[in-house]
Amino acid sequence: MTVKLYELCGADPKRVFSPYAWRTRMALAHKGITPERIPVRFIEKDKIAFSNQKRVPVLVDGDKVVTDSWAIASHLAEAYPKGPALFGSPVALGTARFVNDWANTTVNAALFPLILMDVFNCLDAANQAYFRESREKRFGMTLEQFAADRDKKLPAFRAALAPARTTLGAQPFLAGDQPAYADYILFGNFMWAKCTSPLQLLEKDDPVYAWRDRLLSRFDRMGAKAKGFPVLSSAGGAVPGTLTPRKHCLLMVNGTLVIG
Ligand SMILES: N[C@@H](CCC(=O)N[C@@H](CS)C(=O)NCC(=O)O)C(=O)O
């Protein structure tokens, strides 16, 4: 039976960037499920109207329609008990829920201003108008005000990752020796950035950087191959956790210095 995944895309339907949909993509890959993928732009609500709500990801699994990335992960864990576990135990599920809430609040809040204008620039004019109106209403300020001085906000984003950094200094994945849904949660946030923004979020000696590389190379390099911007070592087909020797140049993008 075909599993269908509705996920958010930019002007280019190949640029799929929702952090929540990325969590679901990784969870499906973890379970060895290759979904039929349906790209949905912000204003294409008609495509997901059958789900009785307005957000992606939406998963259609047989006659079941599941919305919300956390609910989808819970559904997959229950419906596909065989193979590698997404959570591992009820206790691990409880802890992963904490990671989900941390990523959705602290990490998202620190990351969004850094990539907001890049997300905006990935959209076509009609979707840009929707994005501007809905987000300015949510933020209570213009997009430009929300995204101002992003270079000054980068250290706060890196500081927000301290719990993950400490854990990943002691073990290869948030879930332990092997990745599981807790990892895909935070990784989804990084894919949101990678698919929309050239900003280099992490320093090379950061344990989070090596962890992100390990996940980028997972599932036949699904993350590394996604339409977006290179993060340093994933750009050149590196062995996980190592840097491929390549020439880098410094570029100014939207007034920000990035390594290209
Ligand atoms: N709690 C939901 C959040 C889903 C969500 O906010 N998705 C965004 C894309 S990142 C969306 O579909 N937004 C539609 C809109 O803003 O109109 C989940 O975990 O799946």
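Student: In this predicted model, what is the phi of glycine 62, in the turn of the hairpin formed by S3 and S4?
Tutor: S3 and S4 are strands (DSSP E runs of at least two residues, numbered from the N terminus, as are helices, H or I runs of at least four). Two residues separate S3 from S4 in the hairpin, and one residue of the turn is glycine 62. Its phi is positive, at about 65 degrees.

Student: What pLDDT must side-chain atom pairs have to count?
Tutor: Residues are numbered from 1 along each chain as its sequence is written. As the model is predicted, totals for chains, interfaces and linings use all residues, local features need pLDDT of at least 70, and side-chain atom pairs count only at pLDDT 80 or more.

Student: In what order do the four strands of the open sheet stand?
Tutor: Strands pair if DSSP finds at least two bridges between them. S1 (residues 3-8) and S3 run antiparallel with four bridges, and S3 pairs with S4 in the antiparallel sense, also over four bridges. The pairing in the sheet is mixed, and the order is S2-S1-S3-S4.

Student: Which strands have one side without a neighbour in the sheet, and why?
Tutor: The sheet is open, with the order S2-S1-S3-S4. Each of the edge strands has a single partner strand, so one side of each is left without a neighbour. These edge strands are S2 and S4.

Student: Which residue of S4 stands opposite aspartate 61?
Tutor: Towards S1, leucine 59 of S3 is the bridge partner of leucine 5, and aspartate 61 is that of valine 3. Towards S4, the residue opposite aspartate 61 is lysine 64.

Student: Are the residues Val58, Leu59, Val60 and Asp61 of S3 buried or exposed?
Tutor: A residue is buried with 20 or more other C-beta atoms within 10 Å of its own, exposed with 12 or fewer, and partly exposed in between; C-beta atoms are placed from the backbone. Val58 and Val60 point one way from S3, and Leu59 and Asp61 point the other way. On both sides these residues are buried.

Student: At what angle does H2 run to S4?
Tutor: Angles are taken between N-to-C directions, from 0 to 180 degrees, on axes fitted to C-alpha atoms, for helices over the stretch in contact. H1 lies across S1 and S3 and runs at about 150 degrees to S1. H2 lies across S3 and S4, and its angle to S4 is about 135 degrees.

Student: How far apart are the axes of H1 and H2?
Tutor: Residues are in contact if their C-beta atoms, placed from the backbone, lie within 7 Å. Tyr20, Arg23, Thr24, Ala27 and Leu28 of H1 meet Ser69, Ile72, Ala73 and Leu76 of H2. The two helices pack at an angle of about 10 degrees, and their axes are apart by 9 Å.

Student: Which helices each supply at least two residues of the shell around the ligand?
Tutor: There are 13 residues around the ligand, and Ser18, Tyr20, Arg55, Val56 and Ser69 come nearest (near means a C-beta atom, placed from the backbone, within 6 Å). At least two shell residues come from each of helix H1 (19-30) and helix H2 (69-79).

Student: Which residue does a cis peptide bond join to valine 56?
Tutor: Most peptide bonds are trans. Here omega is about 5 degrees. The partner lies in the loop between strand S2 (36-40) and strand S3 (58-61). The residue joined to valine 56 is proline 57.

Student: Where is phenylalanine 219, which has a positive phi although it is not a glycine?
Tutor: Aspartate 68, in the loop between strand S4 (64-67) and H2, has a positive phi near 80 degrees. Aspartate 68 has 16 C-beta neighbours inside 10 Å, so it counts as partly exposed. Phenylalanine 219 has a phi of about 50 degrees and is partly exposed, with 17 other C-beta atoms within 10 Å. Phenylalanine 219 lies in helix H10 (residues 218-225).

Student: What percentage of the residues of the chain count as buried?
Tutor: The chain has 10 helices and six strands. Of its 260 residues, the share that counts as buried is 37%.

Note on methods
Two residues are in contact if their C-beta atoms, placed from the backbone, lie within 7 Å.
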